[in-house]
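The following note is offered to a colleague who has the sequence and the coordinates at hand. It concerns aromatic contacts and strand pairing.

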Amino acid sequence: MNQTLTKRKKLKLESDSGWGYAFIAVALIAFSLFTAYPVINAFIISLQKYGPLGSTFVGMDNFVNSFSDELFWKALKNTLVYTLLTVPFNILLSFLISILIIPFKKKTQTIFKALYYLPAVASGVALSVVWLWIFDPLKSGIANKLVSFLGIENQNWLGSSATAMFSLVLMSWLSSHGTAIIIYIAALLAIDNSYYEAAEIDGASFLQKLWFIVVPFLKPTTLFLLVTGVIGSFQVFQNAYLMTGGGPDHATTMVGLLIFNNAFTYFEFGEAAAQSLVLAAIIGFISFLQFKFIGKDVEY
Amino acid sequence: MKKRSRGLTLFLSGIMMVSLLSACGGNGNNAPASTDSGNTGTSNGGSEPKKDTITALLPPISANYQTRFADMEKEFNTLHPNLTLKIEPASWEDMTQKLDTQVNAGSPPDIAFIGASGISKYAALNVLIDLNGALSDEAKADYDEVPLKYFQLGDAQYGLPAYMEIHTIGGNKQFLEKAGIDWKSIQQNGWTYEEFRNAISKGVVKNDKGETTRYGFVFATSGVASKDYLAILAKTAGLPDYFDKDLKYTYTSKNFLGLLTSIREMINDGSMPKELSSIDAGKRWNMFLTGQTMITGKGLSAFENSARLNNEKIKANDGSAVADSIEVDYISLPVPTFNGADYVPTSIVDGYIALRGKKAPSEEHIKNIALATNFLSSGSIAANYSNELFLSPITESARNAEVLEKFPRNEDNVAAGKAMMAKALPARTDIPTDLAAEALKIETEVIIPKLQALLANEIAPQEMYDAVKAAAIKSFGKDGIVVD
């Protein structure tokens, strides 16, 4: 009798596990089809000269060609510069805005959160059109009207190497903070009030509370935003494609745009796949460094 | 887990799985029924022709072209009861990307609309079908020789032309006359760069502060128009093609350096804006309609109609007229000649190519594709889109066909168009696809980026020339380029 009960329990457990596997199968199949398969296929294509009617194996040629291509290195450098200029500043700005929003009542906070999140809902193409209008190179352009107040003559914002990258960076600085702000506000709300009360009893100033309480508590959030920000920034494509086309003289050609051009302008899918894998490896390495050096004392 | 919950969850999971997998189905937008299907459908018996479906991916060639698709499909089916023409509309923005995705996935449409300059790109992938054996002599004879050759590569006829357009520049009649420019004579006899440079400097107007309120010449050089400017001017600068008759790359000749110097001079003179590298097609047309430039480029025949329609809106006080625009009489002008070269117009021929997928199509299917391609590029269909584009038809059948709507034309522009068209050179069919692909790579990776820098005054003409020459030597070798 006792043995029969144990068997039943075992069967029930196995049966429940089976159901569990059945249910996660949906996600697993989606992952296999739309993530794992393309990655494996990209690796195979990177070793081939791809053609729609048949491909030929070329070994590591696509990787060698990429590494010997000056434009690939220039695109990597541009991407790195863009990342360094945008990610830290965007995180800092999102943090400061969150600090400014947090003292408000919940309703007002929601209004601010919605306002800052609005650009994320709008189409990137539509936003680019607006920014193209702002960066109109003639005197009538909004950005040129603004700088004219400072006595600066009108700038060819997107057409000059001196200002094209800055224009894309400025575009990033002034938009797309919504997600980071929402995450920061959620993290700020999770800090227990008793810490602030204790600090106030000890006579801590606003800046001291910020530095000794808020910053350490927000470290996991900041690390998350840093890692995802760097990943997103290294994959940047749309802004350069729509705003400058990578010009002038490749001043804004990012790796994402180069990969796109190789694939869809020259039909060099093998080289594009090789460059994608190199980009993935770089992103992986940077993320590893971030976790190793910034995330070592982070507790989740 | 309760049985009912299990059942419900399993049911929902099943729905999710089906939705997920249905997205991977083969009949999405990117995969119209295909070239592979040489034997699509069934035979109705021994002697009757087999049923077949021909697919086509077509952009809005003219204003009303896509609205006539249903009628076109019906008419084709009436002419060939065993055949079905299935047209998938695409926007101009999507057209290339959609087609390229389908081609590289191995499931392109049977027919697609492209510019003839793109043929070598698809020929290099071996996805084009030679229609020579499938087209009757009578069908071929319907087409004018020059545009027909644009769809040839070697001996193969990879498609049929839809229309031929000359890229010109367009002037504001009132401003031209005010600047003392004899535009009628220029329309017939052309002009040299020196004459043009002098003319556009006369078109510049400045306000009391010394700021330019009207330029002599504005050409779109940003966005999709980035390669047009140099390519159009190069034709009349002794560089009609990337390769000479010995298949040597020509943009390394002194003519190229001379052209680059002229391009910089026009900006340095103040006749063109210093921000030229950021002016796109929409902006320069706006500048033309608002009186901010005397001459604009590139010019197309249909611009005469756009200007006329805007004039009518201004007269009628219609709020949809371009803001701050003035009434403009559009005058079509030839591109000036540089370096003492002969006038060679940039003739753009667009049309329909025949494509195959992974599986080779049957001979019968190729014949059906040829029938559909011929149907789309001739007769009343071609007559109507040519008419809407203000172009002369390039097939005899289209010239004889009735059009649905007639538009008023400026007779001087019509005569100028004919004079320029008469000087159009036939297409080069001897350039191998690998050379064409290398030239395209130099154009995209070196010429266009360097031109942007030249226009922004960041590099000198000599620096751009040297960069292009270095890239050309890398691609074609020292013996593969023109040295003079």
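The points below treat ring pairs and then a group of strands in chain B.

1. The model is a predicted one. Over all chains, 43 aromatic pairs are counted. A:F237 and A:Y241 provide a stacked example, with ring centres 5.0 Å apart and 20° between the planes. Both partners are partly exposed: the relative accessible area of A:F237 is 25%, and that of A:Y241 is 35%.

2. B:F113 and B:Y163 form a tilted pair, at 6.1 Å centre to centre and 40° between the planes. This contact links distant parts of the chain, as B:F113 belongs to strand β3 (residues 111-115) and B:Y163 to strand β6 (residues 159-172) of chain B, 50 residues apart. Both B:F113 and B:Y163 are buried.

3. Ring pairs also join residues into a cluster, whose members are A:Y50, A:F237, A:Y241, A:F260, A:F264, A:F267, A:F269 and B:Y122. A further ring contact involves a charge: the charged end of B:R214 sits over the ring of B:F175, 3.4 Å from its centre.

4. Strand β1 (residues 52-58) of chain B is largely enclosed by the rest of the structure, because six of its seven residues are buried. Seven bridges connect β1(B) in parallel to strand β2 (residues 83-89) of chain B; B:T55 has B:K86 as its bridge partner in β2(B). Between β1(B) and β2(B) the chain passes through helix α2 (residues 69-79) of chain B, in a right-handed β-α-β crossover.

5. β1(B) pairs with β3(B) as well, in the parallel sense and over two bridges. Here B:A56 stands opposite B:I111 of β3(B).

Conventions: Residues are numbered from 1 along each chain as its sequence is written. Chains are lettered from A and ligands numbered from 1 in the order in which they are written. This is a predicted model: local features need pLDDT of at least 70, side-chain atom pairs count only at pLDDT 80 or more; totals for chains, interfaces and linings use all residues. Side-chain values use heavy atoms; hydrogens and water are left out. Rings of Phe, Tyr and Trp (its six-membered ring) pair if their centres lie within 6.5 Å; planes under 30 degrees apart count as stacked, over 60 as edge-to-face and the rest as tilted. Buried means under 20% relative accessible area, exposed over 50%, partly exposed in between (1.4 Å probe, protein chains only). Helices (H or I, at least four residues) and strands (E, at least two) are DSSP runs, numbered from the N terminus. A charge sits over a ring if NZ of Lys or CZ of Arg is within 6 Å of the ring centre and within 35 degrees of the ring normal. Two strands pair if DSSP finds at least two bridges between them. A crossover is right-handed if, with the strands pointing away from the viewer, the path from the first strand over the helix to the second runs clockwise.
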